[in-house]
Amino acid sequence: MQMKSPYPYWFLAPAAVVFTVMFLVPTAASFWFSLTNWDLFGFQFIGVQNFIDFFREPFLITGMTNTIIFALLTSGAKTVLGLLLAVLLTSGLFGQGLLRSIVFFPVLVSTIGVGILFSEMMHPTHGAINVALEFVGIDGPGWLTNPKLALYSVALVDVWRGVGLATLIYIAGLAAIGHEYYEAARIDGATRFQLFWRVTVPLVRPATTTVVILSLIGGLRLFDLIWAMTRGGPGFSSDVLASVIYKQYQAGFYGLSTAGNVILFVLIALIIAPLAWWFNRRELEL
């Protein structure tokens, strides 16, 4: 029996080395250091005490709840708006090339820059948004100073920043749909809404899977935009798991913050893995 040549596997070696060094090793190190009390000069093994202390964090439940709410809101909004914008921008609209660039442009801007810009625009007294509302006789709310609005205001900005990528993915998905499906539906007397709901939505499901998964992962692990706009405030009303972890790191509790990162990693895996399996199963049933 002739043995298979190992030659093809050498092409995988560079990627495997990079993946091991950049992902597997840091992940294993994080799991180890989450079981220790460490600093830059040494460590002491303490078992699962960091995880116990982290779950005793008084604002952990608020942070976890805010994380899930933020991820669901932004993922749902990006999915719906991305699909609608993609349909609009592939309908032969005048100037649709320019409009595509405008929609995608926020994706290219620094997240920190977006956060600083909108924190100024949403200022309760001299922010551009409230000034414009005052001009038409409306008293603008404290977008980032009202504990009931802060998290949703940041979510709105995140949707504005990320919907361009969702739109781009959907445009690629729409381009892969054959025209014969629409022609057959029109012959059967389908309306425009029926074309969208019965043809476009089912056939663009692979793009929907990608958008939902990427948006959820981004929403669950988001830190930079929230930190730039609210730093988890006012109070702890817009804290998410990532900002709670960072505050522990700032306070010098390195082992505790590492345990928080492991918890966040496990939370994302527990949500994304079953969801991806469910989406892939639905695609196979088509």
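R56 counts as exposed in this predicted model, at 61% relative accessibility, and its side chain meets that of D53 in a salt bridge with an N to O distance of 4.0 Å. D53 itself is partly exposed, with a relative accessible area of 30%. The model holds 4 salt bridges by the rule applied, and among them are pairs that involve K78, D158 and R161, which shared partners join into one network.

**The network around D158**

- The side chains of D158 and K78 meet in a salt bridge at 3.0 Å, N to O; because D158 lies in helix α7 (residues 150-175) and K78 in helix α3 (residues 60-88), this pair ties together parts that are 80 residues apart in sequence.
- D158 counts as buried, at 2% relative accessibility, and K78 is likewise buried, with a relative accessible area of 9%.
- The side chain of D158 also meets that of R161 in a salt bridge at 3.1 Å, N to O, and these two residues both lie in helix α7, 3 residues apart, or about one turn of the helix.
- R161, like D158, is buried.

**S215 and its contacts**

- S215, a residue of helix α10 (residues 205-220), is buried, with a relative accessible area of 8%.
- Leaving aside residues up to four places away in sequence, S215 touches S75 and K78, and K78 is also the salt-bridge partner of D158.

**Helix α12 and the residue after it**

- In helix α12, which spans residues 241-250, the buried residues include L241, A242, S243, V244, I245 and Q248.
- Helix α12 is followed by G252, whose phi is positive, near 95°.

Note on methods
Residues are numbered from 1 along each chain as its sequence is written. This is a predicted model: local features need pLDDT of at least 70, side-chain atom pairs count only at pLDDT 80 or more; totals for chains, interfaces and linings use all residues. Side-chain values use heavy atoms; hydrogens and water are left out. Buried means under 20% relative accessible area, exposed over 50%, partly exposed in between (1.4 Å probe, protein chains only). Helices (H or I, at least four residues) and strands (E, at least two) are DSSP runs, numbered from the N terminus. Contact means heavy atoms within 4.5 Å.
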